[in-house]
Amino acid sequence: MAVSLAKNTVIPEALIMKIYRTIAELQGALQQVRKQSQLVGLVPTMGNLHAGHLALVRQAMAECDVVLTSIFVNPTQFGPNEDLASYPRTFEADCSALTELACHGIFYPSVEEIYPQGPMLDTRVSVPALSSKLCGSSRPGHFDGVCTVVNKLLNICQPNRAYFGEKDFQQLTIIKHMVSDLNMSTRIISVPTQRADNGLALSSRNNYLSEAQKQQATVIHAALQQTAMALAASEPDIEQLEATAKSLISEAGLAVDYFSICHPETLDGAQKKDRSYRILAAAYLGKIRLIDNLALNLPA
Ligand code: PAF
């Protein structure tokens, strides 16, 4: 039996609201979908879904015939002193949220399914230059873990499109680079950052913050906005603007990791003559590391 959707596509019953725990099961179902030339979208996540993830799923649902969300807390992207063990795992709530959106399938593999030889693989995928700066300086190896698992997920699911949030802008840039350099056929789609009413970028790590800390953390977005306005208003002194933003964040009680005004593609430090910028920031509130970024495009 099959079900017809409004867009006149027919989803095989095997793919409706199913949870796939193995690669073989998932690939069996996807084979049926491909026979019908349907457009497959993948939303890779580590679970603990919030409105930011759900915006990715919504966009994928609007653009693709069949949408899969993967939920996998990837051990290879966590450093030895990071929060792998305590990373929030909320599978049942995630399933309810995805069911409500009518997402077609959830890929929920175990660590052994993805890394049968253990996470210390012989093969790693790396985009070294882009991965060593900004977040990469304080999280060595993090983006190699991300690239390796995203590569595996794209190979396993072979989606036509894969959706990533702009909140992790360095991750998004690195993944686009990897997909282009390795001639992978999946189109990478970026989706704008979702924010709370007070401006705080939505993140699973916000769950670690008290209500007062969530308010305190809004200084990161405020500093990004203030910097964007200053960049737009005058002949910029980039280093001065970065220093001012860092002071603002520190005065609010956060420890700044970096605040950088960058070229939006290379993520190198911006030049005075640039008209497009990506401003990226990371700061610690207690032990919690928060990141955010903002685009600024000035008329040529
Ligand atoms: O952004 C994330 O949640 C993760 O880094 C990703 C892309 C799912 C890879 O594990």
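Trainee: Is R139 buried or exposed in this model?

Mentor: Keep in mind that the model is predicted. Burial is read from relative accessible area, and buried means under 20%. R139 has a relative accessible area of 11%, so R139 is buried.

Trainee: Where is R139 found?

Mentor: Place a residue by its secondary structure. R139 is in the loop between α6 and α7. Helix α6 covers residues 135–138.

Trainee: Which residues does R139 touch, not counting those up to four places away in sequence?

Mentor: Contact means heavy atoms within 4.5 Å. R139 touches Q77, E82, R205 and R289. With E82 there is also a polar contact, side chain to side chain, at 2.6 Å.

Trainee: Q77 is on that list. What does a polar side-chain atom of Q77 lie 2.6 Å from?

Mentor: An oxygen atom of the ligand. Q171 has a polar side-chain atom 2.7 Å from an oxygen atom of the ligand.

Trainee: How much of the ligand does the protein bury?

Mentor: Start from the ligand taken alone. That way it exposes 290 Å². The protein buries 90% of that area.

Trainee: Which elements give two or more residues to the shell around the ligand?

Mentor: Strand β4, residues 40–45, and helix α7, residues 142–157. Now read the shell residue by residue. P44, T45 and M46 are among the residues around the ligand. So are N74, Q77, V146 and V149. F164, D168 and Q171 complete the list.

Trainee: How do the shell residues divide by character?

Mentor: Sort them by side-chain class. Five are nonpolar, four are polar and one is charged.

Trainee: Back to α7. Is K152, which sits in that helix, buried, exposed or partly exposed?

Mentor: Use the two cut-offs. Partly exposed runs between the 20% and 50% limits. K152 has a relative accessible area of 23%, so K152 is partly exposed.

Trainee: What does the side chain of K152 reach at 2.7 Å?

Mentor: The backbone oxygen of I114. Leaving aside neighbours within four places in sequence, K152 is in contact with I114, Y115 and L121.

Trainee: How far apart are K152 and V111 in sequence and in space?

Mentor: Give both distances. They are 41 residues apart in sequence and 12 Å apart in space, C-alpha to C-alpha.

Trainee: Now E242. Which helix holds it?

Mentor: Helix α11, residues 238–251. Its relative accessible area is 15%, so E242 is buried.

Trainee: Which residues is E242 in contact with, leaving aside neighbours within four places in sequence?

Mentor: F259, S260 and I261. Take I261 as the example. E242 and I261 are 19 residues apart in sequence, and their C-alpha atoms are 7.0 Å apart.

Trainee: Let me step back to the whole chain. How many helices and strands does it have?

Mentor: The protein chain comes to 11 helices and 11 strands.

Trainee: How does its radius of gyration sit against that of a compact globule?

Mentor: Compare the chain with the value for its length. For 300 residues, a compact globule would have a radius of gyration near 19 Å. The protein chain has 20 Å, which agrees. For the outline, the C-alpha atoms fill a box of roughly 65 × 45 × 40 Å along the principal axes.

Trainee: What share of the residues is buried?

Mentor: Buried residues make up 52% of the 300. On the outside, the chain exposes about 14100 Å². Carbon and sulfur atoms supply 51% of that area.

Trainee: What share of the contacts joins residues 24 or more positions apart?

Mentor: Count contacts with a separation of 6 or more. Residues 24 or more positions apart account for 71% of them.

Terms used:
Residues are numbered from 1 along each chain as its sequence is written. This is a predicted model: local features need pLDDT of at least 70, side-chain atom pairs count only at pLDDT 80 or more; totals for chains, interfaces and linings use all residues. Side-chain values use heavy atoms; hydrogens and water are left out. A residue is near a molecule or strand if one of its heavy atoms lies within 4 Å of it. A polar contact is a pair of N or O atoms within 3.5 Å; within protein, one must be able to donate a hydrogen and the other to accept it, and residues adjacent in sequence count only if both atoms are side-chain atoms. Accessible areas come from the Shrake-Rupley method with a 1.4 Å probe; for residues, only the protein chains shown count as cover. Helices (H or I, at least four residues) and strands (E, at least two) are DSSP runs, numbered from the N terminus. Ala, Val, Leu, Ile, Met, Phe, Trp, Tyr, Cys and Pro count as nonpolar, Asp, Glu, Lys and Arg as charged, and the others, Gly among them, as polar. The radius of gyration is taken over C-alpha atoms; the globule rule is 2.2 Å times the number of residues to the power 0.38. Buried means under 20% relative accessible area, exposed over 50%, partly exposed in between (1.4 Å probe, protein chains only).
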